[in-house]
Amino acid sequence: MEEKIEKHTIAVLVDNEPGVLARVIGLFSGRGYNIESLTVAEVDNTGHTSRITLVTSGTRMIVEQIKAQLDRLVPVHKVRDLTDDGPRVERELALVKVAGTGDKRIEALRLADIYKANVVDATLSSFIFELTGTTDHVEEFIALMSQLGMVETSRTGVLAMSKGPAGF
């Protein structure tokens, strides 16, 4: 019987120092695990710590292995599987450039309004939209814009946080 492949969002609190991200990524690449989304930023300037939020997929056993191996890395302070922790908020930011004139331009603006995307740049022949939402929301918008003349996209990757009063 095959185990089910699950997508997990994992948050890792690490020292903010050179080479830490390379060690985390090396853990994944060295074992053939895939990172579907990765964001990193300093979260405590005085404590010099950064938060890595990553999305990966695997069987329950593989995800548990990933978490255990991350927890053993020296610069890692804490590992949390936000998927297992319960309710969470996940968001992603995307910039989407769409070129077009006439009806396609009007339709792109109409869809952007429906998806609550902001126009952050406009020329006579193109727009750059800024969109924040769940990964599914962003992917739906990109799929629609690809039919209207999408030229380019840039995405931040998933940011996530558990709901409720408890911190990292």
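**Exercise 1. Work out the overall layout of the protein: how many helices and strands are there, and in what order do they come?**

Step 1. Count the elements: the protein has four helices and nine strands. Here helices (H or I, at least four residues) and strands (E, at least two) are DSSP runs, numbered from the N terminus.

Step 2. Read them off from the N terminus and you get β-α-β-β-α-β-β-α-β-β-α-β-β.

Step 3. Keep the ground rules in mind. This is a predicted model, with local features needing pLDDT of at least 70 and side-chain atom pairs counting only at pLDDT 80 or more, while totals for chains, interfaces and linings use all residues. Residues are numbered from 1 along each chain as its sequence is written, and side-chain values use heavy atoms, with hydrogens and water left out.

Step 4. Add the overall figures. The C-alpha trace spans about 55 × 50 × 35 Å along its principal axes. Of the 168 residues, 37% are buried (under 20% relative accessible area; exposed is over 50%, partly exposed in between; 1.4 Å probe, protein chains only). Take the contacts (heavy atoms within 4.5 Å) between residues at least 6 apart in sequence: 72% of them join residues at least 24 apart.

**Exercise 2. Describe how β2 and β3 are joined.**

Step 1. Check the direction: β2 (35–44) and β3 (49–58) run antiparallel, with eight bridges between them. Strands count as paired if DSSP finds at least two bridges between them.

Step 2. Pick out a facing pair: Ala41 sits opposite Arg51 in β3.

Step 3. Look at the turn. The two strands make a hairpin with four residues in between, and His48 in that turn has a positive phi of about 50°.

**Exercise 3. Place Met145: is it buried or exposed, and what does it touch?**

Step 1. Find its element: Met145 belongs to helix α4.

Step 2. Check accessibility. Met145 counts as buried because its relative accessibility is 0%.

Step 3. List its partners. Beyond neighbours within four places in sequence, Met145 contacts Val96, Val98, Ala108, Leu111, Ala112, Phe129 and Met150.

Step 4. Put it in a core, meaning a set of buried Ala, Val, Leu, Ile, Met, Phe, Trp, Tyr and Cys residues joined through side-chain atoms within 4.5 Å. The largest nonpolar core has 16 residues, and Val96, Phe129, Phe141 and Met145 touch the most other members. Two or more residues come from each of β5, α3 (102–114), β7 (126–133) and α4, with α4 giving the largest share, four residues. A second, separate core of 15 residues includes Leu27, Leu54, Ile66 and Val76.

**Exercise 4. What lines the second largest pocket, and how does the largest pocket's lining divide by class?**

Step 1. Fix the term: on a 1 Å grid over the protein atoms alone, a pocket is an open set of points where a 1.4 Å probe fits, with protein on both sides within 12 Å along at least five of seven lines; lining residues have an atom within 4 Å of a point.

Step 2. Start with the largest pocket. Its space is about 300 Å³, a volume filled by probe spheres set on grid points joined across faces, edges and corners. It has 17 lining residues, with Lys7, Val55, Glu90, Thr135 and Val158 nearest the centre. By class there are two nonpolar, seven polar and eight charged (nonpolar: Ala, Val, Leu, Ile, Met, Phe, Trp, Tyr, Cys and Pro; charged: Asp, Glu, Lys and Arg; polar: the others, Gly among them).

Step 3. Move to the second largest, with about 170 Å³. Its lining includes Ala41, Arg51, Glu90 and Met161, and β2 supplies the largest share, four residues. The classes here are seven nonpolar, two polar and three charged.
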